[in-house]
Amino acid sequence: MNKRSYIIIFSLVIFLSGIISYGVSKFTSPKIGYVRSGELVKNFEGMKEAKNIYKSKMEKWQANIDTLQGDYRSAVSKYTNDLPGLSKKEKEERELYLGKQEQGIRDYVKSLEEKAKEEDEKMTQAVLNQINSYIKEYGENHGYDVILGLTQEGNVLYGNDSKDITEDLLKGINDWYKNKEEQK
């Protein structure tokens, strides 16, 4: 064989190797994992901390409500004790005052319920954003093509345990969160 034949054969071998490599990589199975989403969210330290902060706020709000209700009960008790000595006009004024006080408490409770709902949604969304961001980074760093979420609603009906990356993700995200908190 002459030099030109070797070059043609060599070029053909390289070309075919490239095609075969491309074909193998094109037809290999994607790397897929799944996460037990509920468990990940529940055991994420960021969620636990957010729940504690939310619980503190709720306790403070409840203490405010209890104070207002205690003041109202005291006013009703005082009114009841003073009732025999009150004139018709004083009785009407006190009843009007008590009615406004009671309505104020109802309005305050209603506004706190709305605020609590908003706070809960905001807190939950912030935690989910952290988790989703971490999962994306984890997937990219570990070569995953797809990471699915296993939920009670049935997004994934079955997953082989070997594809379950929940514990690895949970450990990683909690370590990440602790490091982030220590840097504050």
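Let me begin with helix α3, whose buried residues are G46, M47, A50, W61, I65, G70, Y72, A75 and Y79. Those buried residues pack against three other helices, namely α2, which covers residues 37-43, then α4, and finally α5, which covers residues 166-182. Please keep in mind throughout that what we have on the screen is a predicted model.

Now that we have one helix in view, let me step back to the whole protein, which has 5 helices and 2 strands, and whose elements, read from the N terminus on, follow the order α-β-α-α-α-β-α. Of the 184 residues in the protein, 23% are buried. The exposed surface comes to about 13700 Å², and carbon and sulfur atoms supply 55% of that area. If we take the contacts between residues at least 6 apart in sequence, 82% of them join residues at least 24 apart.

Let me return to α3 and set it beside α4. Helix α3 has 38 residues, and from its first C-alpha to its last it reaches 55 Å, which is close to the 56 Å expected at 1.5 Å a residue. Helix α4, for its part, has 54 residues and reaches 79 Å between its first and last C-alpha, again close to the expected value, here 80 Å. How do the axes of these two helices cross? The axes of α3, residues 45-82, and α4, residues 88-141, come within 11 Å and cross at roughly 175°. Because an angle over 145 degrees counts as roughly antiparallel, α3 is described as roughly antiparallel to α4. The residues that form the contact of α3 with α4 divide into 19 nonpolar, 4 polar and 12 charged.

Two residues, one from each of these helices, may help to make the picture concrete. On α3 we have G46, which counts as buried because its relative accessibility is 4%, and the cut-off for buried is under 20%. Which residues does G46 touch, once its neighbours within four places in sequence are left aside? G46 is in contact with V127 and Y177. There is also a pairing across the sequence to point out, since G46 and A126 are 80 residues apart along the chain, while their C-alpha atoms are 9.5 Å apart in space.

The second residue is Q101, which lies in helix α4. Is Q101 buried or exposed? With a relative accessible area of 18%, Q101 is buried. Not counting residues up to four places away in sequence, Q101 touches D71, Y72 and A75, and two of the residues just named, Y72 and A75, are among the buried residues of α3. From C-alpha to C-alpha, Q101 and Q69 are 9.2 Å apart, although 32 residues separate them in sequence.

Following α4 to its end, we find that G143, just after the helix, takes a positive phi of about 75°.

That leaves α5, whose 17 residues should span 24 Å at 1.5 Å a residue, and whose end C-alpha atoms are indeed 24 Å apart, so the two values agree. The buried residues of α5 are T166, L169, L170, G172, I173, N174 and Y177, and the last of these, Y177, is one of the contacts of G46. Taken together, the buried residues of α5 pack against strand β1, residues 32-36, and against the helices α2, α3 and α4.

How values were computed: Residues numbered from 1 in each chain as written. Predicted model: local features only at pLDDT ≥ 70, side-chain atom pairs only at ≥ 80, totals over all residues. Heavy atoms only, no water. Helix = DSSP H or I, 4+ residues; strand = E, 2+ residues; numbered from the N terminus. Buried < 20%, exposed > 50% of the residue type's maximum accessible area, 1.4 Å probe, protein only. Contact = heavy atoms within 4.5 Å. Areas by Shrake-Rupley, 256 points an atom, 1.4 Å probe, with all protein chains shown as cover. Axes fitted to C-alpha atoms, helices over the stretch in contact; angles between N-to-C directions. Parallel < 35°, antiparallel > 145°, perpendicular 65-115°, else oblique. Nonpolar A, V, L, I, M, F, W, Y, C, P; charged D, E, K, R; others polar. Expected span 1.5 Å × (residues − 1).
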